[in-house]
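Welcome! Let us take a friendly walk through a protein model, stopping at a few side chains and the partners they meet.

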Amino acid sequence: EICRQLASKGIMVVLTARNEKRGLEAVEELKKSGLSDYVVFHQLDIMDPSSIATLADFIKTQFGKLDIL
């Protein structure tokens, strides 16, 4: 719901989940609400340092910086 509220206000949201299938399902639900332009998915396992580094690289490459965590 938080992602939906932020995206509905035009804020770009990077939705993360450890389980890729569940994360992609959540993105699909948001797309049904017409919010696909403001939501992207990236897999993240907070217990895995390489997964965290991959997300950091993704954010830096795609957006240049992170505004809110």
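We begin with a pair of opposite charges. The side chains of Glu1 and Arg4 meet in a salt bridge, with 3.5 Å from N to O. Keep in mind as you look around that this is a predicted model. Glu1 is exposed, because its relative accessibility is 61% and the exposed class starts over 50%. Arg4 counts as partly exposed, at 31%.

**Salt bridges**

How many salt bridges does the count come to? The count comes to three. Here they are side by side, with the distance between the N and O atoms.

| Salt bridge | N to O distance |
|---|---|
| Glu1 and Arg4 | 3.5 Å |
| Glu28 and Lys31 | 3.7 Å |
| Glu29 and Lys32 | 3.2 Å |

Now find helix 2, which covers residues 20-32 and holds both Glu28 and Lys31. These two residues are three apart, about one turn of the helix. Glu28 is partly exposed, with a relative accessible area of 43%, and Lys31 is partly exposed as well, with 39%.

Glu29 and Lys32 tell a similar story: they are three residues apart in helix 2, so about one helical turn separates them. Glu29 is partly exposed, with a relative accessible area of 44%. Lys32, on the other hand, counts as exposed, because its relative accessibility is 66% and exposed means over 50%.

**A nonpolar patch on the surface**

Charged side chains are not the whole story of the surface. Ile2, Leu6 and Ile11 make a nonpolar surface patch of about 260 Å². Ile2 sits in helix 1, which spans residues 2-8. Is Ile2 buried or exposed? With a relative accessibility of 64%, Ile2 counts as exposed.

**Strand 1 and strand 2**

Next, look for Ala17 in strand 1, made of residues 13-17. Ala17 counts as buried, because its relative accessibility is 19% and buried means under 20%. Which residues does Ala17 contact, leaving aside its neighbours within four places in sequence? They are Gly23, Phe41, His42, Gln43 and Leu44. Try a distance check too: Ala17 and Gly34 are 17 residues apart in sequence, and their C-alpha atoms are 21 Å apart in space.

One of the contacts of Ala17 is His42, which has its place in strand 2, residues 39-43. His42 counts as buried at 14% relative accessibility. Neighbours within four places in sequence aside, His42 is in contact with Val14, Leu15, Thr16, Ala17, Thr54, Leu55 and Phe58.

Gln43 is found in strand 2 too. Gln43 counts as partly exposed, with 37% relative accessibility. Beyond its neighbours within four places in sequence, Gln43 is in contact with Ala17, Arg18, Glu20 and Ser51. For Arg18 there is a detail to zoom in on: its backbone oxygen lies 2.9 Å from a polar atom of the side chain of Gln43. Gln43 and Ala53 are ten residues apart in sequence and 11 Å apart in space, C-alpha to C-alpha.

**Ser51 and helix 3**

The contact between Gln43 and Ser51 leads us to helix 3, residues 49-63, where Ser51 is found. Ser51 is buried, because its relative accessible area is 13% and buried means under 20%. Not counting residues up to four places away in sequence, Ser51 touches Gln43, Leu44 and Asp45. Where does a polar atom of the side chain of Ser51 lie relative to the backbone nitrogen of Asp45? The two atoms are 2.9 Å apart.

**A pair of rings**

Our last stop is an aromatic pair, the one pair that a search of the whole structure finds. Phe58 and Phe63 form this pair, with their ring centres 6.3 Å apart and 85° between the planes. Why is the pair called edge-to-face? The angle is 85°, and planes over 60 degrees apart count as edge-to-face, so the pair gets that name. Phe58 is partly exposed, with a relative accessible area of 21%. Phe63 also counts as partly exposed, at 34% relative accessibility. Phe58 links back to strand 2 as well, being among the contacts of His42.

Conventions: Residues are numbered from 1 along each chain as its sequence is written. This is a predicted model: local features need pLDDT of at least 70, side-chain atom pairs count only at pLDDT 80 or more; totals for chains, interfaces and linings use all residues. Side-chain values use heavy atoms; hydrogens and water are left out. Patches are made of residues with over 30% relative accessible area and no salt bridge: like charges are joined within 9 Å, nonpolar side chains (Val, Leu, Ile, Met, Phe, Trp, Tyr) within 5 Å. Accessible areas come from the Shrake-Rupley method with a 1.4 Å probe; for residues, only the protein chains shown count as cover. A salt bridge is a side-chain nitrogen of Lys or Arg within 4 Å of a carboxyl oxygen of Asp or Glu. Helices (H or I, at least four residues) and strands (E, at least two) are DSSP runs, numbered from the N terminus. Buried means under 20% relative accessible area, exposed over 50%, partly exposed in between (1.4 Å probe, protein chains only). Rings of Phe, Tyr and Trp (its six-membered ring) pair if their centres lie within 6.5 Å; planes under 30 degrees apart count as stacked, over 60 as edge-to-face and the rest as tilted. Contact means heavy atoms within 4.5 Å. A polar contact is a pair of N or O atoms within 3.5 Å; within protein, one must be able to donate a hydrogen and the other to accept it, and residues adjacent in sequence count only if both atoms are side-chain atoms.
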